[in-house]
Amino acid sequence: MKNQVEKVQNTPENVAQPEKNVEKKGHDRKKVFLAGIIKDNPVLVMLLGLCPVIPATTSIINALMMFIAVLFVLVCSNLIISLIKGIVPKEIRIPVYIVIIASLVTVIDLLLQAYAPDVSNSLGVFIPLITVNCIILGRAEAFASKNSVLDSLLDALGMSIGFGLACLVIAIFREFLGTGGFTLTNPFNSDQSVSWLPLKDLALPVMVQGIGGFLTFGIIVGLFAWITKSKVPGKNSDTTLKSQYSTLKEIEACRKEGKETK
Amino acid sequence: MESQLVYTNFGRVKSKRKTSHIMLELTGALLVLFISSIIYYCIKGGADTSKLMLRLFLNTLVCYATAFAVEYFGVFFNEKTEIKEYSEVMGVNKWLVALKRTVTNSYFYVTPLITLLLFPIYTPVYVMFISILVGELIGKMIFGGFGSNIFNPALVGRMFATICFSADIAKATVVKVPEAWTISTGATINSFAQSGGWLNSYTESLSNLDLFLGNYRGALGETFAFLLIILGIYLMVRKVIDYRLTITYVLALFLFAFFMGLTGGHNFGGSMQYAFRQICFGGILFGGVFCLTDPVTSPVNGTGKVIFALFAAFGTAMIRYFGSAPEGVAYSILLANMVSPAIDKLLSHKTNHKLVYQYSAIAALSLLVLGSGIGTGLYVKGQQEKQEATPSTSTSQKVNENINVQLLVNSDVSLEGVIR
Amino acid sequence: MVAFYTALLSSMIVSNSVLAGYKGLCSYLGISKKSSSAFGMGVALTFVCFFSGLICWGLGFLLRELEIYDFMFTIVSILVISSLVQFTELVIKKFFPSLYKTLGIYLPLITTNCVVLGLALQVGAYTDASSFPEVLATVLGVPLGYFIVIMLFSCIQERLETSNTKYNFKGAAIGLVATAIMAIAVYGLGGVI
């Protein structure tokens, strides 16, 4: 009996659904893409995939190369996984995803070792560690295995652009404070480099080490939350403070009156 | 609003004294040290006195101005809504409210003075600026102001500046010395064994009295051992600082050096003298009286305090005698600050069952410190004997990065070489 | 024997995986809100690191024999780790159900923990079979160091909950700043061991 009543009640909404669906898909696609950059930025808001952030942000070139590596792995893995999502049985899906991601990481690792050896040396073990980056496996599990190819592609692009922008901002601060300026070396030919070091004498070399990395990262996460978030719910109730202060004023006024009468 | 009972942010009732009085007495003690160092450098400075005094004045100005600015805006940043409400209700300008809070609630005048006394006199102004900026901003303001920090802000700033500018600080201590003193080498065991070893009290030409009175160039607050002992006893008696922390720390290091001397070949009297020299030299007394005893960053529990001080003493000993860093006090106090919330958590429930754990932890740590004293003595003696077996012809006289004692050989190095 | 203890202490404290190696930050920031969960994570991680480290060390030799080390080692070690984790989860679920209640939820998280894979990659690079004491020390020292740091950090986080931090810095941001100062403190220990 209840089911029939619910069915009758649900039909008007169901009738309206197909028209809404068309509009929703376009709006959703844009939301999916932009979410990865600001609202759900993997590094600054969701705090996923933090391991490569600190070693990759020691200079701007390192941040760009890490962004390219993560972009390649994330886009390809999301594409492949959403293409094969119907074929893979549910029990062994995690090892399958892991093998796909690991093979992609091996490809990009060997490419970087061959064509940009200096960058590969400075990033060290953190290129193979992209395999266990929480962003990639998390997105594969949560999004790519459930959505269409185009949505997964947009999500991958958005997430990696968010990651790249966060890394770039942190790298700008670290390099400027740590070396006094910016130095851009061509990753494929390390003889060519352009540098602009206006504040070289005032540099703080600790900022390009791990200590400065943690510090800059923490401050930028806090500042990003300050800029993007509006008032936190619950913090606006200042009525208790106001009443406390006004009672205090009354008490002082009474005390003054008492002194005068005495 | 400030009652007679004193409490920190954690609601612990400590003693019937206002926090502001405690802070003022502490600042008074620091000022005594500051003034005595001014007098010392005026007497001993010779031709460079005016330069030293100018640099000192600039450093003080920079320290206080930066600390005030950071704390003023930090008070606004952390307590904006409260200040707005208070000023609206009471009818006072909100800038003045924040000013009052900076002075009375945030005690901005303590940290810059401690930071100033941790550096040598001729430190570059930029180094001092970075140190106080980072110390106030990162060590105190970001955590939420006074009472919310985990690490001592003066030490955070000091260590940040040390890691960045170690060469500049080393250069800042190069000043004229009247006689031909032997070089002081780095804090590693090998270089000390070369110049006669730790066991021969490498500051050989410094007499006991000179060391005690602070008649050598070092960081501003750390050299005057007699003054620090007197101030420490005064502050302990007046209950400004907790006696358990300071006495445990200094005594543990004294016994460590004593056993090191005993096993290293000195007799009883020689070991006593050696241990006494070891605690007079370096930042041990200053750190033990002013930095370790910060009530916000040390544990609340009584036995927790003893464990905390023992931990810091062990760290100081290890870094000083084995590490590559020149001075171990600041690093070890930061390490102990790192461990103090864990100590608080472990000892937060005082039952009979846990008392056994507390006292056994204290006993274990004390044994560790003293045992490592004995072990270090044996190790250094072994190194020394190895060194004497193969006579080295090196008279390596590299100016090290030891920021406390800087003794130069045979040359009148003027201040012209140290420009910043 | 001395080399073993030296390597153990140095991988635990001086080359700490979080403070000096920047690995394992996701669970370091996420798990350490409560000390009990930090404890569970540390124990589970020690177990997984120990066995996967030794297995990957052995597999490194095998792959070098077959000359496919350069491009297969990452894939092979991550497969070893994930299967070890799933195997451990099944065993604990079946035989120690009470232990599963406390530790079980952290085991799948260890698959994506950079500490384990970083350890496997580091240990697999040893080409000399006589380096076994050092390998054993590393394989024990790295997770124990992570365990110590995560326990200390969870105590610091519990204390920072009651502090007066502004809302945007509360949580991970202030934790990262505290980690930076912890890194300053541990920096001074370099050279002691």
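## A walk through the chains and their salt bridges

Start by selecting chain A: its accessible surface comes to about 14300 Å², and 64% of that belongs to carbon and sulfur atoms. Keep in mind as you go that this is a predicted model.

Stay with chain A and switch to a cartoon view. You should find 9 helices and 2 strands. Following chain A from the N terminus, the elements run α-α-α-α-α-α-α-β-β-α-α. Chain A has 262 residues, of which 41% count as buried. If you look at contacts in chain A between residues at least 6 apart in sequence, 74% of them join residues at least 24 apart.

Now for the salt bridges. Side chains of opposite charge can pair when their charged atoms come close. How many salt bridges does the structure hold over all chains? There are 9, and the next stops visit some of them.

**First stop: B:Glu25 and B:Arg238.** Select both side chains and you will see them meet in a salt bridge, 2.6 Å from N to O. This pair links distant parts of the chain, 213 residues apart: B:Glu25 is in helix 1 (residues 19-44) of chain B, while B:Arg238 sits in the loop between helix 10 (225-237) and helix 11 (243-263). Is B:Glu25 buried or exposed? B:Glu25 has a relative accessible area of 14%, under the 20% cut-off, so it counts as buried. B:Arg238, at 39%, is partly exposed.

**Second stop: B:Glu82 and B:Arg101.** Move along to helix 3 of chain B (residues 80-90), where B:Glu82 is found. B:Glu82 forms a salt bridge with B:Arg101, with 3.4 Å between the closest N and O atoms. Because B:Glu82 lies in helix 3 and B:Arg101 in helix 4 (residues 94-104) of chain B, the pair ties together parts that are 19 residues apart in sequence. B:Glu82 is partly exposed at 28% relative accessibility, whereas B:Arg101 is buried at 12%. Add B:Glu79 to your selection too: salt bridges that share partners join B:Glu79, B:Glu82 and B:Arg101 into one network.

Before leaving, try a distance from B:Glu82 to B:Phe57. These residues are 25 apart in sequence and 36 Å apart in space, C-alpha to C-alpha.

**Last stop: B:Lys345 and C:Glu158.** Show chains B and C together. B:Lys345 forms a salt bridge with C:Glu158, the closest N and O atoms lying 3.3 Å apart. Here the pair crosses between chains, from helix 15 (residues 329-346) of chain B to helix 8 (residues 132-160) of chain C. B:Lys345 is partly exposed at 37% relative accessibility, and C:Glu158 is partly exposed at 29%.

Technical notes
Residues numbered from 1 in each chain as written. Chains lettered and ligands numbered in written order. Predicted model: local features only at pLDDT ≥ 70, side-chain atom pairs only at ≥ 80, totals over all residues. Heavy atoms only, no water. Helix = DSSP H or I, 4+ residues; strand = E, 2+ residues; numbered from the N terminus. Buried < 20%, exposed > 50% of the residue type's maximum accessible area, 1.4 Å probe, protein only. Contact = heavy atoms within 4.5 Å. Areas by Shrake-Rupley, 256 points an atom, 1.4 Å probe, with all protein chains shown as cover. Salt bridge = Lys/Arg side-chain N within 4 Å of Asp/Glu carboxyl O.
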